[in-house]
Amino acid sequence: MALFPIHSNFERDFVIQLVPVDTEDTMDQVAEKCAHHSIGRRVKAQPDKVLRVRHHENGTIFPRDMLVAEAGLRPTETLDILFMDS
Amino acid sequence: MALMKREEWYDLTRTTNWTPKYVTQEELFPEEMSGARGIPVDVWETYDEPYKVTYPEYVSTQREKDSGAYSVKAALERDSFVDRADPGWESTMIAHYGAIALAEYAAVTAEARMARFAPAPGNRNTAVFGMMDETRHGQIQLYFPHANTKRSRQWDWAHKALHTNEWGAIAARSFFDDIMMTRDSVATSIMLTFAFETGFTNMQFLGLAADAAETGDHTFASLISSIQTDESRHAQQGGPSLKILVENGKKDEAQEMVDVAIWRAWKLFATLTGPIMDYYTPLEGRSQSFKEFMMEWIVAQFERQLLDLGLDKPWYWDTLIADLDNTHHGMHLGVWFWRPTVWWNPAAGATPEERAWLEEKYPGWEDTWGQCWDVIVENFQTGKPEMTGPETLPTVCNMSNVPIVGVPGNQWDVKDYQLEHEGRLYHFGSEVDRWCFQVDPERYKGHMNFIDRFLAGEIQPPDLNGGLMYMGLSPGEIGDDAHGYSWVEAYSQKIDDAA
């Protein structure tokens, strides 16, 4: 387990933000930690959607249960957090 | 003895050069300070600044200007304008003085470098006046706000801001260090006087003066108009340098300097001046929108001048024009949301009436920025003010040192332009910011922005309080909503009216 900084580019928000996650977090947990800084602050919740994590540069959508440590991310990598149907 | 007429001696003295006997030309004008770029001395001697002045004329005119500005201040002091000014306008002044006053002192050094090392004698002559101009601008913009330090400690940031690691101060220092403190004389004449002063100080000192006059702040209006009369003279040092470079096979290098400096100035102005013009200035005092000012003072002016000088429009010109609809709205929302991290009190400028003005000036504002403000307003109305502030830091651009922002809401398009260079991952707010870095990575690669410093452990404890201490912001200086959130009441009133 190790702290791992990423940058959160949250759908419908206006700014990218620094979010500390853990190498053992799943992508669902990453999305949840990012949501804390956007949903209810500047972005309305969308209860009928799920949040998915996408690689900012190559567009890969990560499996929801993939761990940060497995995703091949560089420290401070920017990730898109998207509202999706599943 | 009768004095010689001006025209009999002026051209001789302003072009006087000399042939060194005890040192070489290279020792007298080292390339890293001078920047002649291999162009011979006799070519630099053809440098022809369009605005010429003698020392007696200069002193006489400056005395009159100072008398005018100080007299207006003295006469209006009894009027106590600041006591009854809209808090948003007071924030405008506090933000302006903090970001500008000490940069003017720094500009004395830049002018002094040109006065000593510029390869063109005419440039050296003009820069002596420029040096005295900047001394005056530093002094007057410290003296005027000093009268208000009794009102709040934020006014003291006129002197304090650029000595701190407050994030906006880091951004301003990074820009001014780049274009005027670490460049040779020729580059300084182009990047500082042509790219920055010709357009952007016009915007700050004349555009803002128009708003000041509309708002009733005649002291500030007369002060900054007075400064701009100096700027419009010494800003003309860059044009003749550009002409010589273009005519001597250095167009690409000249174009690159212009392009970098204009872009960096734009990002800083989008952060400082954009919010002031479109959000802080009371609605009735707004003479034009920020975009309208930019189109008139920057876009039209630069297009004409660049083409006249044989240069091209910057390669990113269409991007810049498109950004006029967006970037400063993001910078404003960022500054307001992270309001404890600035030395002034940001005005939200988001009442229903103000939003109608924004939608008129920027069609689509409601569909984008308005979506974020809706959530903020709802949080106030439902008793969740803690949700109107941050719990983390925004990602900061490694070139402009301001947050990476984009369009939110229904037209969401926020993007980070990343670059891995020598094993370090850099983040940029636009393709152009990344290009500026790639033009000269050696110059920029070592700089640590606020996030880099945070991640390196320089900010302790690593939380908001640690961040505020690192930025030098103490109680009484920390920013808060300019109107004490009274603007939210306009929404309740709207609901009451509808009922």
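Two strands count as paired here if DSSP finds at least two bridges between them. With that in hand, let us walk through this structure, which is a predicted model, beginning with chain A. Strand 1 and strand 2 of chain A pair in the antiparallel sense, with six bridges between them. Within this pair, F4(A) stands opposite V21(A) of strand 2, and P5(A) has P20(A) as its bridge partner. The two strands make a hairpin with six residues between them, and in the turn R12(A) has a positive phi of about 80 degrees.

Now follow strand 1 to its other partner. Strand 1 (residues 3-10) runs parallel to strand 4 (residues 78-84) of chain A, and four bridges join them. Here N9(A) stands opposite D80(A) in strand 4. Strand 4 of chain A is in turn joined by six bridges to strand 3 (residues 50-55), this time in an antiparallel arrangement. On that side, V50(A) faces M84(A) of strand 4. As background, strands of a sheet pair through backbone hydrogen bonds, either parallel or antiparallel.

Put these pairings together and you have the whole sheet. Four strands of chain A form an open sheet in the order 2-1-4-3, with mixed pairing. Strand 2 (17-22) and strand 3 of chain A are the edge strands, each pairing on one side only. On average, neighbouring strands of the sheet are turned by 45 degrees against each other, ignoring direction.

Strand 2 of chain A is a good place to look at the two faces of the sheet. In a regular strand the side chains alternate between the two faces of the sheet. Along strand 2 of chain A, Q17(A), V19(A) and V21(A) point to one face and are buried, while L18(A), P20(A) and D22(A) point to the other face and are not buried. The pairs mentioned above can be placed on this pattern: V21(A), the residue opposite F4(A), is among the buried set, whereas P20(A), the partner of P5(A), is on the other face.

What lies across these strands? Helix 1 (residues 27-35) of chain A lies across strand 1, strand 2, strand 3 and strand 4, and runs at about 100 degrees to strand 3. Chain A has one helix and four strands, and along the sequence they follow the pattern β-β-α-β-β. The radius of gyration of chain A is 12 Å, close to the 12 Å that the globule rule gives for 86 residues, so chain A is as compact as a globular protein of that length. Its C-alpha trace spans about 30 × 25 × 25 Å along the principal axes. Of the 86 residues in chain A, 42% count as buried. Among contacts in chain A between residues at least 6 apart in sequence, 64% join residues at least 24 apart.

Next comes the place where the two chains meet. Chain B gives 27 residues to the contact and chain A gives 23. On the side of chain B that touches chain A, the elements giving two or more residues are helix 17 (327-337), helix 19 (369-381), strand 2 (424-428) and helix 22 (450-455) of chain B. Helix 19 of chain B has the largest share, four residues. By class, this side of chain B has 16 nonpolar, nine polar and two charged residues.

Moving into chain B, we come to the largest nonpolar core, which has 155 residues; A172(B), I190(B), M191(B), A195(B), V258(B), A261(B) and A265(B) have the most contacts inside it. Helix 14 (residues 251-280) of chain B gives the most to this core, with 17 residues. Take A261(B) as an example: leaving aside neighbours within four places in sequence, A261(B) is in contact with I179(B), M191(B), A195(B) and F196(B). In general, nonpolar side chains tend to be buried together in soluble globular proteins.

Helix 14 of chain B also turns up in the surroundings of helix 20. In helix 20 (residues 431-439) of chain B, the buried residues are V432(B), D433(B), R434(B), C436(B) and F437(B). What covers them includes helix 14, helix 16 (317-323), strand 1 (417-421), strand 2 and helix 21 (441-444) of chain B.

Our last stop is I459(B), in the loop between helix 22 and helix 23 (464-471) of chain B. Is this loop residue buried or exposed? I459(B) is buried, because 20 other C-beta atoms lie within 10 Å. Not counting residues up to four places away in sequence, I459(B) touches R453(B), F454(B), G466(B), G467(B) and Y470(B).

Note on methods. Residues are numbered from 1 along each chain as its sequence is written. Chains are lettered from A and ligands numbered from 1 in the order in which they are written. This is a predicted model: local features need pLDDT of at least 70, side-chain atom pairs count only at pLDDT 80 or more; totals for chains, interfaces and linings use all residues. The radius of gyration is taken over C-alpha atoms; the globule rule is 2.2 Å times the number of residues to the power 0.38. A residue is buried if 20 or more other C-beta atoms lie within 10 Å of its own, exposed if 12 or fewer, and partly exposed in between; C-beta atoms are placed from the backbone. Two residues are in contact if their C-beta atoms, placed from the backbone, lie within 7 Å. A nonpolar core is a set of buried Ala, Val, Leu, Ile, Met, Phe, Trp, Tyr and Cys residues joined through C-beta atoms within 7 Å. Ala, Val, Leu, Ile, Met, Phe, Trp, Tyr, Cys and Pro count as nonpolar, Asp, Glu, Lys and Arg as charged, and the others, Gly among them, as polar. Axes are lines fitted to C-alpha atoms, for helices over the stretch in contact, and angles run from 0 to 180 degrees between N-to-C directions.
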